[in-house]
Amino acid sequence: MYKLKNPIVILNFKTYLESSGEKALNLAKSLESVEEESGITMIAVPQSADIYRIKEETSILTLAQHIDAISPGSNTGSNLFETLLSSGIDGSLLNHSEKRMELADIDLVNSKLNDNDLISCICSNNVKTSIAVATMNPQFVAIEPPELIGTGIPVSQAEPEVVQGTVDEVKKINKDVKVLCGAGISTGEDMAQALELGAEGVLLASGIIRADDPKKALLDLVSKI
Ligand code: G3P
């Protein structure tokens, strides 16, 4: 189990061109240098094809965006746990709103991550889903109302009750499961509000990736902690 100090910033690279290929590596290096300057834990979530190079060239913790609930064999186009493991992943997101999974499949892949002492960050879309996935004892539950993703409207302002509700319910199930929140988070103020609501960090994307200067945006994100 990774011992991570709060607060935590997880940057989902998604499939933006600004965070793909060579630019994925540059972004990972920005995360690395902001982590060094600020002392805040930064985690990269690049596309599968960029993981190996980022792990070779930086020391940043790196998650896969998704792992399929499959065994080795004939599964063209899938993300196999074993291959990602040999690429150097430190864990994975699971059940992102843009890559939803069935409950039984989340459980299966989450168990593989837990059994290998890797980071599992299960995304949820509402408090009920947060409760269901918290029972699987992942390292993180990340609450992200899908309608706010990519809008720049921060969940910490638009739906604080969903963040607080997730924190309350998840902690009743297992106080060691860390709760993150995401959707529309981009500024230091958004992050400070998220922490005030009880979140232990944020999962974010466009506010940093599409900023003119992502490193500056990251520094601003952690400026009010
Ligand atoms: O996984 C992070 C994400 O879905 C939030 O996206 O662009 O609203 O920060 P964004």
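**View 1. Proline 7 sits in the segment that comes before strand β1.** This is a predicted model, and our tour begins near the start of the chain. Take a look at the peptide bond leading from asparagine 6 into proline 7: it is cis, with omega near -5 degrees. For context, most peptide bonds are trans.

**View 2. Strand β1 covers residues 8–12 and is mostly covered.** Which of its residues are buried? Five of its five residues are. Ile8, Ile10 and Asn12 point one way from β1, while Val9 and Leu11 point the other way. This fits a familiar pattern, since side chains in a regular strand alternate between the two faces of the sheet. For β1, the residues on both sides are buried.

**View 3. Strand β1 pairs with strand β2, residues 41–45.** The two strands run parallel and are joined by five bridges. If you would like one pair to find on screen, start from valine 9: its bridge partner in β2 is methionine 42. Valine 9 is also one of the buried residues of β1, on the side it shares with Leu11.

**View 4. Asparagine 95 lies in the loop between β4 (91–94) and α4.** Its phi is near 60 degrees, a positive value in a residue other than glycine. As a reminder, most residues other than glycine have a negative phi. Is asparagine 95 buried or exposed? Its relative accessibility is 7%, so asparagine 95 counts as buried, the cut-off being under 20%.

**View 5. Aspartate 105 belongs to helix α4, residues 103–115.** Here the side of the story is a little more open: aspartate 105 has a relative accessibility of 29% and therefore counts as partly exposed. To place this residue in the wider fold, compare its position with that of glycine 152. The two are 47 residues apart along the chain, and their C-alpha atoms are separated by 31 Å.

**View 6. Strand β7 is mostly covered, with five of its five residues buried.** On one side you will find Lys178, Leu180 and Gly182, and on the other Val179 and Cys181; all of them are buried. Strand β6 (residues 140–143) runs parallel to β7, and four bridges join the two. Valine 141 has valine 179 as its bridge partner in β7. Strand β8 (residues 201–204) also pairs with β7 in the parallel sense, over two bridges. Here the partner of cysteine 181 is valine 202 in β8.

**View 7. Alanine 183 is found in the loop between β7 (178–182) and α8 (188–196).** Although alanine 183 is not a glycine, its phi is positive, at about 105 degrees. With a relative accessibility of 6%, alanine 183 counts as buried.

**View 8. Stepping back, the chain has 10 helices and eight strands.** Its radius of gyration is 16 Å, close to the 17 Å that the globule rule gives for 225 residues, so the chain is as compact as a globular protein of that length. The C-alpha trace spans about 45 × 40 × 30 Å along its principal axes, and 52% of the 225 residues count as buried. Among contacts with a separation of 6 or more, 66% come from residues 24 or more positions apart. The accessible surface comes to about 9700 Å², and 48% of this belongs to carbon and sulfur atoms. As for charge, there are 19 positive and 32 negative side chains, and the centres of the two sets lie 1 Å apart.

Technical notes
Residues numbered from 1 in each chain as written. Predicted model: local features only at pLDDT ≥ 70, side-chain atom pairs only at ≥ 80, totals over all residues. Heavy atoms only, no water. Rg over C-alpha atoms; globule rule 2.2 N^0.38 Å. Buried < 20%, exposed > 50% of the residue type's maximum accessible area, 1.4 Å probe, protein only. Contact = heavy atoms within 4.5 Å. Areas by Shrake-Rupley, 256 points an atom, 1.4 Å probe, with all protein chains shown as cover. Lys, Arg positive; Asp, Glu negative; His and termini not counted. Charge placed at Lys NZ, Arg CZ, Asp CG, Glu CD. Pairing = 2+ DSSP bridges.
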